[in-house]
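Grab a pencil and work through these exercises one at a time. Try each task yourself before you read its solution.

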Amino acid sequence: KPGEQKHPKEPSSLQCMHLAVVACGNRLEETLIMLKSAVLFSNRRLCFHIFAEDSLKPEFEKKLKEWPSSYTKKFESNLYPITFSVGNAQEWKKLFKPCAAQRLFLPVILKDVDSLLYVDTDVLFLRPIDDIWHLLREFNSTQLAAMAPEHEIPKIGWYSRFARHPYYGTTGVNSGVMLMNLTRIRSTQFKNSLIPGGLTWEEMLYPLYQKYKNYITWGDQDLLNIIFYFNPECLYVFPCQWNYRPDHCMYGSNCRGAEEEGVSILHGNRGVYHDDKQPTFKALYEVIRDFPFEDNLFQSLYYPLQSKFLDTVHTLCGRIPQVFLKQIEKTMKKVYENRVIVYLGANHRY
């Protein structure tokens with residue numbers, strides 16, 4: 001648009017799309033399945049930034065090395081300890097879920113990374129990360145992060161009914177999928193409820209937590225909502241298909257973007273991959289988990305998924321299988337076509 005600042009060029013990101021995740025406790029398998037879904041479908045090279053408890057690190061290294069070389073060449077992985085640069089580490093560690101507050105410190109720790117996609121461990125990519133990465137180009141000159149709304153309908157949304165602290169917009173935002181321009185975050189002075197002037201991201205975190213800690217329920221997500229309540233011009237809001245949760249179908253279908261173009265990123269929060277409350281979410285998780293890397297995607301991923309979905313039609317989310325299948329089918333067709341073209345191209349050389 002005329003007069004609008006272009007998103008700054010990302011020198012390191014031209015070679016790499018940066019993906020960060022924080023894994024503590026029993027989240028090893030879930031994290032590996034999330035990374036597997038990222039590698040299965042993405043086109044450009046990926047750089048994983050995995051923040052994990054010391055006890056999980058050897059297992060991450062071992063498991064990632066076991067993946068076939070056709071996939072390991074698509075990414076590089078970096079493992080980091082859990083660290084908090086300001087305030088009381090034990091307090092941060094216990095905020096909401098173990099270690100979840102680590103995501104607040106990514107701009108401070110990953111000083112050489114320009115842009116980054118942060119996701120929770122319980123996320124699955126149903127299309128290439130390239131597609132959400134492209135949204136960085138849509139940021140205007142003041143936007144420095146992107147998240148999806150916490151709910152589509154204010155009257156049944158959690159923040160609009162129960163929050164005792166400021167939150168973004170009419171329903172708040174969900175931090176399980178968060179796209180960040182770290183360069184901009186590091187250089188911005190944020191408006192806040194602490195002092196009349198601006199504060200840097202790092203200066204603001206601990207005092208903000210101290211001020212609101214008796215009012216927050218969802219830990220770091222609440223802090224992000226408070227930050228963007230005071231700085232709404234800094235947030236780009238992306239539609240619900242980029243962070244699709246059980247709330248989008250368990251009260252009837254309320255994510256129009258997913259109905260139109262299918263789920264892009266599935267977020268199985270509330271442990272739904274591991275219990276029987278939302279069999280549709282569990283089916284997707286298990287099929288990606290069990291997919292043998294080098295098998296045919298349609299035969300070993302798509303068809304098992306379709307048959308598993310038949311068992312879920314009695315549930316509210318299972319009534320709309322096309323919402324879950326549309327995007328993944330499109331993505332697999334593209335991956336398959338690319339492989340066939342590469343294969344044919346290789347054969348034509350001889």
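**Exercise 1. Find out how much area is buried between domain 1 and domain 2, and which residues of domain 1 supply the most.**

Solution. Keep in mind that you're looking at a predicted model.

Step 1: Start with the total. About 3,100 Å² is buried between the two domains, and 63% of that comes from carbon and sulfur atoms.

Step 2: Now look at the domain 1 side. Leu 124, Leu 126 and Arg 127 give 24% of the area that domain 1 buries against domain 2, more than any other three residues.

Step 3: Place the domains along the chain. The domain assignment puts domain 1 at 17-238 and domain 2 at 241-345. In the contact, 34 residues come from domain 1 and 35 residues from domain 2.

Step 4: Check the spacing. The C-alpha centres of the two domains are 23 Å apart.

**Exercise 2. Work out how many salt bridges and polar contacts link domain 1 and domain 2, and which elements of domain 1 take part.**

Solution.

Step 1: Count the salt bridges between the domains: there is one. For comparison, searching the whole structure turns up 15 salt bridges.

Step 2: Look at a pair. Arg 127 and Glu 261 form a salt bridge through their side chains, with N to O at 3.2 Å. You've met Arg 127 already, as one of the three residues in the 24% share.

Step 3: Add the polar contacts. Between the domains, 19 residue pairs are in polar contact.

Step 4: List elements on the domain 1 side. Those that each supply at least two residues include β5 (123-125) and α6 (129-133). Helix α1 gives the largest share, seven residues.

Step 5: Sort the residues on this side by kind. You get 19 nonpolar, six polar and nine charged.

**Exercise 3. Locate the disulfide of Cys 16 and say what it ties together.**

Solution.

Step 1: Recall the chemistry. A disulfide is a covalent bond between the sulfur atoms of two cysteines.

Step 2: Find the partner. Cys 16 is joined to Cys 47, with 1.8 Å from S to S. The count for the structure is four disulfides.

Step 3: Read the twist. The angle about the S-S bond is 105°, and the link of Cys 16 and Cys 47 is right-handed.

Step 4: Place both ends. Cys 16 sits in the segment before β1 (17-23) and Cys 47 in strand β2, so the link ties together parts 31 residues apart in sequence.

**Exercise 4. Explain how Lys 63 and Glu 59 are placed in helix α2.**

Solution.

Step 1: Note the salt bridge between Lys 63 and Glu 59, whose closest N and O atoms are 4.0 Å apart.

Step 2: Both residues are in helix α2 (residues 57-66), four residues apart, so about one helical turn separates them.

Notes: Residues numbered from 1 in each chain as written. Predicted model: local features only at pLDDT ≥ 70, side-chain atom pairs only at ≥ 80, totals over all residues. Heavy atoms only, no water. Domains from an automatic or database assignment. Contact = heavy atoms within 4.5 Å. Buried area = accessible area lost by both parts, 1.4 Å probe. Polar contact = N/O pair within 3.5 Å; in protein donor to acceptor, adjacent residues only side chain to side chain. Nonpolar A, V, L, I, M, F, W, Y, C, P; charged D, E, K, R; others polar. Disulfide = S-S within 2.5 Å.
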